[in-house]
Amino acid sequence: MRKPIVAGNWKMHKTAEEAVDLAQAIAPLVAPSLTSCDVVLCPTYTSLGAVHGVIGGSGIGLGAQNMHWEGEGAYTGDISPAMILTSGCAYVILGHSERRQYALESDEMINRKTLAALAAGLTPIVCIGEQLEQREAGRVEEIVIGQVRAALEDVEVDRAPSIVLAYEPVWAIGTGKTATAGQAEEVHALIRSFLTERFGREAADAMRIQYGGSVKAENAEELFSQENIDGGLIGGAALQADSFAAIVKAAK
Ligand code: PGA
């Protein structure tokens, strides 16, 4: 019922020229999957325009990796929702664990960004996930649901279905350690039940929850076949056209 969504988070990789090459290599490989899966490429800000030139009109979506919540102002080094939108983006990744860790983004900032993205007409991909110590201390539900609750504060029910969540256990990001399909599904089901409480069944059932953290062609199919896993947010394996395309193919 939910259309899966696979997004490539290119992080701080690829110059504009390299990003164009990668997008050109990916586009024909994922084209046959676009009827059954939404595909999104998220290069750095400086490559957005160039990648839009490659994929604009192809059905592949473009996303930014972050943005500010204000419309404009004295925020040196930052970028606004309208700037992203007019660069061709329909999506924006918010609250990635690397932003929480290195840029000290708080739940409150992520909530402001989520509301600003919705107001601008962008689809936010809101990242949540626990650290290893938190998992070991039995705090997964408290941390993850706490992050979801905070990020979605003041979101109206009718806007909820256009939000994508990405559950990314921090210990699985870039480490080669994937959560097992069972571990991931357990958390996704908890998130879905919180969303049902918060927005009602219809909206919660429409919301897509991606899994992220060392997703590869080899483990994608098992992860994506879980009831509450609706595609993935892909880092390392999104930097090569064939591995990304194989992951997209696994999402049906
Ligand atoms: P990874 O990154 O696939 O390299 O683990 C995922 C992410 O951080 O979005």
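Two residues are in contact when heavy atoms of theirs lie within 4.5 Å. Keep that in mind for the exercises below, and remember that you're working with a predicted model.

**Exercise 1. Place Asp78 and work out which residues it touches, leaving out residues up to four places away in sequence.**

Step 1: Start with the chain. Asp78 is in the loop between β3 and α3.

Step 2: Run the contact search with the sequence neighbours left out. What comes back for Asp78 is Met67 and His68.

Step 3: Check the backbone for one of these. His68 is 10 residues away from Asp78 along the chain, and their C-alpha atoms are 6.2 Å apart.

Step 4: Now the accessibility. Asp78 has a relative value of 36%, and because partly exposed runs from 20% to 50%, that's the class it goes in.

**Exercise 2. Decide whether Asn66 is buried or exposed, and find the partner of its side chain.**

Step 1: Asn66 sits in the loop that runs between β3 (61–64) and α3 (81–85).

Step 2: Its relative accessible area is 6%, so Asn66 is buried, the cut-off being under 20%.

Step 3: Look for polar partners. The side chain of Asn66 pairs with the side chain of Lys113 in a polar contact of 2.7 Å.

Step 4: Fill in the surroundings. Beyond four places in sequence, the contacts of Asn66 include Tyr45, Ile79, Ile84 and Arg99, along with Lys113 again.

**Exercise 3. Do the same for Asn9: buried or exposed, and which backbone atom lies by its side chain?**

Step 1: Asn9 belongs to strand β1, which covers residues 5–9.

Step 2: With 5% relative accessibility, Asn9 falls under the 20% cut-off and therefore counts as buried.

Step 3: A polar side-chain atom of Asn9 is 3.1 Å from the backbone nitrogen of Lys11.

Step 4: Skip the neighbours within four places and Asn9 still has contacts, among them Cys42, Gln65, His96 and Gly235.

**Exercise 4. Which residues come nearest to the ligand, and how much of its accessible area does the protein cover?**

Step 1: There are 13 residues around the ligand, and Lys11, His96, Glu168, Gly174 and Ser214 come nearest.

Step 2: Go through the short polar distances to ligand oxygen atoms. From Lys11, a side-chain N or O atom is at 2.8 Å. From Ser214, a backbone N or O atom is at 2.7 Å. From Gly235, a polar backbone atom is at 2.9 Å.

Step 3: Then take the area. On its own the ligand has 290 Å² of accessible area, and the protein covers 95% of that.

Step 4: Finally, the site: the ligand takes up the second largest pocket.

Note on methods
Residues numbered from 1 in each chain as written. Predicted model: local features only at pLDDT ≥ 70, side-chain atom pairs only at ≥ 80, totals over all residues. Heavy atoms only, no water. Helix = DSSP H or I, 4+ residues; strand = E, 2+ residues; numbered from the N terminus. Buried < 20%, exposed > 50% of the residue type's maximum accessible area, 1.4 Å probe, protein only. Polar contact = N/O pair within 3.5 Å; in protein donor to acceptor, adjacent residues only side chain to side chain. Near = heavy atom within 4 Å. Areas by Shrake-Rupley, 256 points an atom, 1.4 Å probe, with all protein chains shown as cover. 1 Å grid on protein atoms, 1.4 Å probe; cavity = no way out; pocket = protein on both sides within 12 Å on 5 of 7 lines; lining within 4 Å. Sits in = over half its atoms within 2 Å of the grid points.
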